[in-house]
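The following exercises concern one protein structure. Please study the sequence and the model before reading each solution.

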Amino acid sequence: MICLGIEATAHTFGIGICDDKGNVLANERDMYKPKTGWGIIPMDAGKHHLEVAPKILEQALKTAKLTMDDINLISYSRGPGLPPCLYKGKDFAIETAKKYKKPLVGVNHCVSHIEIGRQTTGLKNPVVVYVSGANTQIISFSEGKYRIFGECMDIGVGNALDKFGRAMGLDFPQAPEIEQIALKGKWVDLPYVVKGMDLSFSGILTSCIQKREKGESLENLCYSIQETFFSMLTEVTERALAHLGKSEVLLTGGVAANKRLQQMLKTMAKERGGKFEVVPRDLSGDQGAMIAWNGIIAYKSEQKMNPDKADVDSRWRTDDVEISWIS
Ligand code: AMP
Ligand code: MG
C-alpha cells in the first residue's frame, strides 16, 4: 500500500509519500515565510498553500518515480492547526481523492509527529517529548489513547524561541539561529516556571526581552533561554518516566532538531538507565511523510472517511484521538 499525505496546519505545505513498511518515497514541502518582523498571518499562509499545492504534488510524484495510479490512499492533516491553512489542505485532499478515486483519511497532526518518531526510532512505548512551534506536550500511550502528562499552558516552546528571536531582529525561523548564538553565551538568571507537570514559557520570554533592553548580551540570553526552557522540559519528562515506570524517551517535533535539548534529555535518560532516541532531522518539523505514514496505519485499522464528509478540527487534541492501531 502506498499513501500520499498532505500537511497544511501552519507555515508548511507538504506532500509526502510512504509505503506500508514505513519507507519514505518522497517528502516535498514549501514553507510560507512571513515578512521580517511579523509572525504568521494565517490567511496569507492559506493563500500560499493553495498556490504551491499543484507544484508540490507534481514534485512528490516525480521524486517517488510514481504516478497517481500507484497511490492507494490519500491522507491529510485534519487538525490541530490554523483554520485557513487546514481548510486549504483538506480541500486539496478531497479534490485529489475524488479526481483520482482514492480513499481518504484525516489524521491528527500531533499524533503523526509521534508515529513517525516511533516508526523511525523503533521505540515501542516511550514517553514522548513532542516539541514544535505551537505544541509542547509530554505524552505516553495508555488504554487506547496518547495521554498528555504535561503541556504548555501558554505558547509552545518553538513559538516562544521564535518570538524571542523576532524581538531580537532575527529572521524566521529564529530558533535554529538562537541555537547557534547560544554556543557563545553564558548563564544569566531567568524565571523558571513549572506548575506541577505543566510548563509556562511566555513570562520567561518577557523577562528575556526586558533584560536585553537593559543591556544584557544577546549571546547570554540565547544561551540562558535555551537552558531554562530545556531544563523545564527535562524535569517534567523525568517525572513522567518515574511515575509511569517507563524507561524510553522519544523526542519529536520541529524543536527536536536542537542539539542541546537532545543532549539534556539523553543525559537524563541514561542516568536513569533508560534509552533516548530522536526523530531524524528531515522528519522532525512539519512535513507530509508523517501524515502519509499515519494515514497508512489509521486506514489499516479501519479508519476510513467519506470524502463528502471530510472536515477539519483546529483544536483536535492529541488525547482525543482514538489510537485504534495500538492494542
Ligand atoms: P514544527 O511546528 O513541528 O514544524 O516545528 C517548527 C518549530 O521548530 C519552529 O518554532 C522552529 O523555530 C523550531 N525549530 C527548528 N529547528 C530548531 C532548532 N534547531 N532548535 C530549536 N527549535 C527549532
Ligand atoms: Mg508540527
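**Exercise 1.** Determine how many residue pairs are in polar contact between domain 1 and domain 2, and describe the side of domain 1 that touches domain 2.

*Solution.* Step 1: The count is 13 residue pairs, both residues at pLDDT 80 or more. A polar contact is a pair of N or O atoms within 3.5 Å; within protein, one must be able to donate a hydrogen and the other to accept it, and residues adjacent in sequence count only if both atoms are side-chain atoms.

Step 2: On the side of domain 1 that touches domain 2, the elements giving two or more residues are β3 (24–31), α3 (109–121) and α9 (288–300). Helices (H or I, at least four residues) and strands (E, at least two) are DSSP runs, numbered from the N terminus.

Step 3: The bounds, from an automatic or database domain assignment, are 2–113 + 285–320 for domain 1 and 114–283 for domain 2.

The model is predicted: local features need pLDDT of at least 70, side-chain atom pairs count only at pLDDT 80 or more, and totals for chains, interfaces and linings use all residues. Residues are numbered from 1 along each chain as its sequence is written, chains are lettered from A and ligands numbered from 1 in the order in which they are written, and side-chain values use heavy atoms, with hydrogens and water left out.

**Exercise 2.** Which residues form the salt bridge between Arg317 and its partner, and which pair does Asp308 form?

*Solution.* Step 1: A salt bridge is a side-chain nitrogen of Lys or Arg within 4 Å of a carboxyl oxygen of Asp or Glu. The whole structure holds twelve, and one crosses the interface of domain 1 and domain 2.

Step 2: Arg317 pairs with Glu151, their closest N and O atoms being 3.0 Å apart.

Step 3: Asp308 meets Lys98 at 2.6 Å, N to O. Because Asp308 lies in the segment after α9 and Lys98 in helix α2 (residues 83–100), this pair ties together parts that are 210 residues apart in sequence.

**Exercise 3.** Identify the protein donors of the magnesium ion (ligand 2).

*Solution.* Step 1: Donors are N, O and S atoms within 2.8 Å of the metal (3.2 Å for Na, K and Ca); water is not among the atoms, so sites may look incomplete.

Step 2: His109 (NE2), His113 (NE2) and Asp286 (OD) lie 2.0 to 2.3 Å from the ion. Their spacing along the chain is H-x3-H-x172-D.

Step 3: His109 is in helix α3 and Asp286 in the loop between β12 (275–278) and α9, 177 residues apart.
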